[in-house]
Protein chains: 2
Amino acid sequence: MTTQVNVRQDAYPTRDSDYTTVVDRHDPVVHDWDSAGPLSVQELQSYDATGYLTIHELLSPEELQQCRDELQRLAQDSDVKADEATVTEAESNEVRSIFNIHRTNAIFKKLANDPRLVRRVEQILGSKVYVHQSRINYKPGFVGKEFGWHSDFETWHAEDGLPTPRAASISISLTDNYSFNGPLMTMPGSHKKYVRCAGGTPEDNYKKSLVMQGAGVPDRATLTEFADNYGIDVLEGPAGGAIIFDSNCMHASNGNVTPYSRSNIFLVYNSVENTAEEPFAAASPRPEFIGSTDFTPAGD
Amino acid sequence: MTTQVNVRQDAYPTRDSDYTTVVDRHDPVVHDWDSAGPLSVQELQSYDATGYLTIHELLSPEELQQCRDELQRLAQDSDVKADEATVTEAESNEVRSIFNIHRTNAIFKKLANDPRLVRRVEQILGSKVYVHQSRINYKPGFVGKEFGWHSDFETWHAEDGLPTPRAASISISLTDNYSFNGPLMTMPGSHKKYVRCAGGTPEDNYKKSLVMQGAGVPDRATLTEFADNYGIDVLEGPAGGAIIFDSNCMHASNGNVTPYSRSNIFLVYNSVENTAEEPFAAASPRPEFIGSTDFTPAGD
């Protein structure tokens, strides 16, 4: 008797051994070098080399104020706080993140489909794109917690089933980012390497990992080597600006003891040619509000 | 019958009500403007205005290496780790601070009495000085914890009995201070105001407060107003340099998720004309290894 087994090809295996290993990325970072814009060739080259790009003054002062007002309103809405798509700080019970805002909130739905965002990402990813995940991140003053070093793609591959890192995130700053209030830090160039993490994925890992990273975390030796090789960029900048960064960037943020909170809108765009499949290293996919399976192109 | 009560004068009352209040500092910051050096008038003016001063390349490369080696040795010494003068991180049990090193360790005793340090502080404080407290601070990579905003003088007054803020600290960097590995942050100019903190002092407060601040912490409204008024300076700089800062500076540091540890030697000099009395807001003084009552002048 012959048993036929369909083994799915996995270009980025992870969480399958006791060791962390580092391999080259197999896929390009920039997929369309030939479009007329909106990004210039210089901007694409910089994104390709570092894994991120800063957009100054993406939002007008009026748009910024509207987003801020909406943020304040949502943080105080008891229905929102009780929703499973809302994550609160482990110690203080303050709202840390609200997911799925591109579907549940009119203001952020419009923003997620705004051509200023969508066209840039389409250019980088070389196709139509859809929103894989969206969220508001609050980092309150005094008690804002840190987030350890990780590649988003590792999690999206392992737990959400994205086949390749043909995805990009846009973080829109709603507050000023200083070096001292827990800004985004990246290791520029790290997106060209893939860290195959140790260990398995515990059931319902997402509930814990959204607050404190557990599975899918590179080991300290790898992170030290990465920091020595790539350095650390601290992404400061005024409210209303944004950062586009590659899904496989090694990034983190420190806690925040200053009085200045840090809030942003976080939108993850994935290529419609890279839609989510079954998870590559988890028993079941994460909930719809974290990893969308609605592949309708954004901005259409 | 007449009962005579000796009431000690307290120019800086604290922890005596339910509210935080802010008052002017009554005492000068710089006590000797006329000496020939080593600090220039410009340096004294800057220190007077901001409450701190940076010394570049205080230690030679050889001295720096000697201190680092000693630090490593001490962190791995099980006797040192078990000593009451050693404080470990709440979560990771790694060594956070070792106190009293100017008395227990030959290398750091020599450093604490080094004329490069002592003469500068004598000039600022306008008298002979003695070491009120000494310690090594380790802020390990990945798990280094934050330290909230506080004035050292408030604690030294309340718990150690220093009458006035005629004291200065020197923090000698044994590792490079980047904006991202939890460096010292100060609010420049805040040393000219005294924050009279709310609440009492719990018994054995020092055991907790050395790891996480509790009593003697300004409220959030005051800290927000201070940050808005004074701003926040992030004190970056290479290993071997040092920062002298006034005992009443409002300062803090964020946690550290980067691989780069942050270590420093911390020496507190107090004027011999400002020696410790009974605590001003605590039942009994803190242990000798935290607040010294040996008033022998340093560097003699």
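These notes cover how the two chains of a predicted model are related, then one helix and one residue.

1. Relation of the chains. A turn of 180° with a shift of 0.0 Å along the axis lays chain B on chain A, and the RMSD is 0.0 Å. The two copies are thus related as by a two-fold rotation axis.

2. The interface. Of the interface residues of chain B, 100% are also interface residues in chain A, so the copies meet through the same surface.

3. Helix α9 of chain A. This helix covers residues 220-230, and its buried residues are Thr222(A), Leu223(A), Phe226(A) and Ala227(A). Viewed down the axis of α9(A), they fall within an arc of 135°, so they line one face of the helix. The general rule is that an α-helix has 3.6 residues a turn, so residues three or four places apart point the same way.

4. The two sides of α9(A). The buried residues pack against four strands of chain A: β1 (21-24), β6 (147-151), β9 (193-196) and β12 (250-253). On the other side of α9(A), the exposed residues include Ala221(A), Asp228(A) and Asn229(A).

5. After the helix. Gly231(A) comes just after α9(A) and takes a positive phi of about 75°.

6. Glu154 in chain B. Is Glu154(B) buried or exposed? Glu154(B) has a relative accessible area of 1%, and buried means under 20%, so this residue counts as buried. Glu154(B) belongs to helix α7 (residues 152-160) of chain B. Apart from neighbours within four places in sequence, Glu154(B) is in contact with Thr14(B), Arg15(B), Tyr194(B), Val195(B), Cys197(B) and Gly216(B).

How values were computed: Residues numbered from 1 in each chain as written. Chains lettered and ligands numbered in written order. Predicted model: local features only at pLDDT ≥ 70, side-chain atom pairs only at ≥ 80, totals over all residues. Heavy atoms only, no water. Least-squares fit on C-alpha atoms with pLDDT ≥ 70 in both. Contact = heavy atoms within 4.5 Å. Helix = DSSP H or I, 4+ residues; strand = E, 2+ residues; numbered from the N terminus. Buried < 20%, exposed > 50% of the residue type's maximum accessible area, 1.4 Å probe, protein only. Arc of directions from axis to C-beta.
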